[in-house]
Amino acid sequence: GGFDLLCNSLLSQDYTNYELIVIDDLVGRDLSNKIINMGIPLRFYGKSKDKSYPDTKFGEMNAINTALLHCTGDITVIMEDYLWLPSYSMRKWNKVYNTLPQSYLTTAVGITWDYKPPDRINDYSIWNKEFNGDFTDLKVRQLWVPGIHRLDLWDWVYAAVPMDAWIKMNGVDERFDYFMLYSIYFKFQCVMNNLQFYHDQNHIVNLIAHWNWNLGDVS
């Protein structure tokens with residue numbers, strides 16, 4: 001659905017020393033050549049590895065561990081669907097980890113927007129016109145600040161984790177894919193490894209609220 005948001009917002013970044021890793025489990029879709037031709041530094045595009053626990057209902061933790069196997073950088077940034085990044089976003093991550101030690105996990109904060117449901121189902125964009133960061137037709141829904149407007153101190157939506165922290169934890173525990181309980185127990189996994197959390201309230205991203213869309217009548 002939201003590859004136009006991902007790619008177009010990455011093209012606007014004023015800091016480009018990063019690599020993109022895409023874990024895409026939709027059978028038959030491969031946008032790797034399109035992303036490369038746009039000039040985005042794609043490191044890896046592929047599906048999740050075989051699950052360590054084959055009967056898990058979900059797959060997000062397995063997907064994250066798959067991505068970690070392909071990372072070559074010191075800092076990993078997790079980005080979920082339908083996020084629009086401001087042009088300073090990659091520069092912000094670089095700046096914060098030139099200040100914070102590698103024992104900190106960082107979340108950005110955001111603004112959640114209401115927007116129309118999909119015009120169609122498509123591999124790259126779900127609207128007839130690609131999304132290019134124009135919020136004129138969108139309406140603010142709420143602020144999204146982990147620990148303030150949301151109860152959890154940690155949120156996967158847009159967050160950074162040093163590779164050193166992943167190594168300490170041996171990746172994320174894939175048992176969390178049984179019950180989607182990572183929002184609770186991942187924090188315990190971090191505390192057990194003497195890791196801390198930081199919210200960069202100067203790093204603001206935009207999230208399009210997509211969880212209530214009815215996809216029954218798009219073609």
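The exercises below, each with a worked solution, lead through a predicted model.

**Exercise 1. The largest nonpolar core**

Task: Work out how many residues the largest nonpolar core has, and which elements supply at least two residues of this core.

Solution: Begin with the count, which is 28 residues, and note that those with the most contacts inside this core are Phe3, Leu10, Leu20, Ile35 and Tyr158. Next, go through the elements that each supply at least two residues of the core: they are helix H1 (3-11), helix H4 (89-96), and the strands E1 (20-23), E2 (42-46), E5 (104-114), E7 (158-162) and E8 (196-209). Among these contributions, the largest share is that of H1, with 4 residues. To see one of these residues in its surroundings, take Leu10, which, once its neighbours within four places in sequence are left aside, is in contact with Tyr18, Leu20, Ile40, Leu85 and Met90. Finally, look for the other core, which lies apart from this one and has 18 residues, including Ile64, Leu105, Ala165 and Phe176.

**Exercise 2. Two covered helices**

Task: Find how many residues are buried in helix H1 and how many in helix H3.

Solution: Take H1 to begin with, where 8 of the 9 residues are buried, so this helix is largely enclosed by the rest of the structure. The buried residues of H1 are Phe3, Asp4, Leu5, Leu6, Cys7, Asn8, Ser9 and Leu10. Then turn to H3, which spans residues 60-68 and is mostly covered, with 8 of its 9 residues buried. In H3 the buried residues are Met61, Asn62, Ala63, Ile64, Asn65, Thr66, Ala67 and Leu68.

**Exercise 3. Pairing with strand E8**

Task: Determine whether E8 runs parallel or antiparallel to E4, and whether E8 runs parallel or antiparallel to E5.

Solution: For the pair of E4 and E8, there are 2 bridges, and the strands run antiparallel; here Trp84 stands opposite Asn206 of E8. For the pair of E5 and E8, there are 10 bridges, and the strands run parallel; in this case Tyr104 has Gln196 in E8 as its bridge partner.

**Exercise 4. Positive phi outside glycine**

Task: Locate Tyr82 and Asn194 in their loops, and decide whether Tyr82 is buried or exposed and whether Asn194 is buried or exposed.

Solution: Start with Tyr82, which is not a glycine and yet has a positive phi of about 60°. Tyr82 lies in the loop between strand E3 (75-79) and strand E4 (83-84), and its relative accessibility is 11%, so it counts as buried. Continue with Asn194, which also has a positive phi of about 60° without being a glycine. Asn194 belongs to the loop between helix H6 (182-192) and E8, and with a relative accessible area of 63% this residue is exposed.

**Exercise 5. Three residues in loops**

Task: State whether Gly39 is buried or exposed, whether Leu31 is buried or exposed, and whether Pro146 is buried or exposed.

Solution: Gly39 sits in the loop between helix H2 (32-37) and E2, where its relative accessible area of 60% makes it exposed. Although Gly39 and Leu11 are 28 residues apart in sequence, their C-alpha atoms are 7.9 Å apart in space. Leu31, in the loop between E1 and H2, is buried, with a relative accessibility of 9%. Apart from neighbours within four places in sequence, Leu31 is in contact with Phe3, Tyr45, Asp123 and Tyr124. Pro146 is placed in the loop between strand E6 (139-144) and E7, and at 1% relative accessibility this residue counts as buried.

**Exercise 6. The second largest pocket**

Task: Find how much space lies in the second largest pocket, and describe its lining by class.

Solution: The space in this pocket comes to about 210 Å³. By class, its lining has 4 nonpolar, 2 polar and 6 charged residues. Among the lining residues are Tyr115, Lys116, Trp127, Asn128, Phe131, Asp137 and Leu138. As a last step, follow Tyr115, which is in the loop between E5 and E6. When its neighbours within four places in sequence are left aside, Tyr115 is in contact with Trp127, Phe131, Asp137, Leu138, Ile208 and Trp213. The C-alpha atoms of Tyr115 and Val140, which are 25 residues apart along the chain, are separated by 9.2 Å.

How values were computed. Residues are numbered from 1 along each chain as its sequence is written. This is a predicted model: local features need pLDDT of at least 70, side-chain atom pairs count only at pLDDT 80 or more; totals for chains, interfaces and linings use all residues. Side-chain values use heavy atoms; hydrogens and water are left out. On a 1 Å grid over the protein atoms alone, a cavity is a set of points where a 1.4 Å probe fits but cannot get out, and a pocket is an open set with protein on both sides within 12 Å along at least five of seven lines; lining residues have an atom within 4 Å of a point. Grid points are joined across faces, edges and corners, and a volume is the space filled by probe spheres set on the points. Ala, Val, Leu, Ile, Met, Phe, Trp, Tyr, Cys and Pro count as nonpolar, Asp, Glu, Lys and Arg as charged, and the others, Gly among them, as polar. A nonpolar core is a set of buried Ala, Val, Leu, Ile, Met, Phe, Trp, Tyr and Cys residues joined through side-chain atoms within 4.5 Å. Buried means under 20% relative accessible area, exposed over 50%, partly exposed in between (1.4 Å probe, protein chains only). Contact means heavy atoms within 4.5 Å. Two strands pair if DSSP finds at least two bridges between them.
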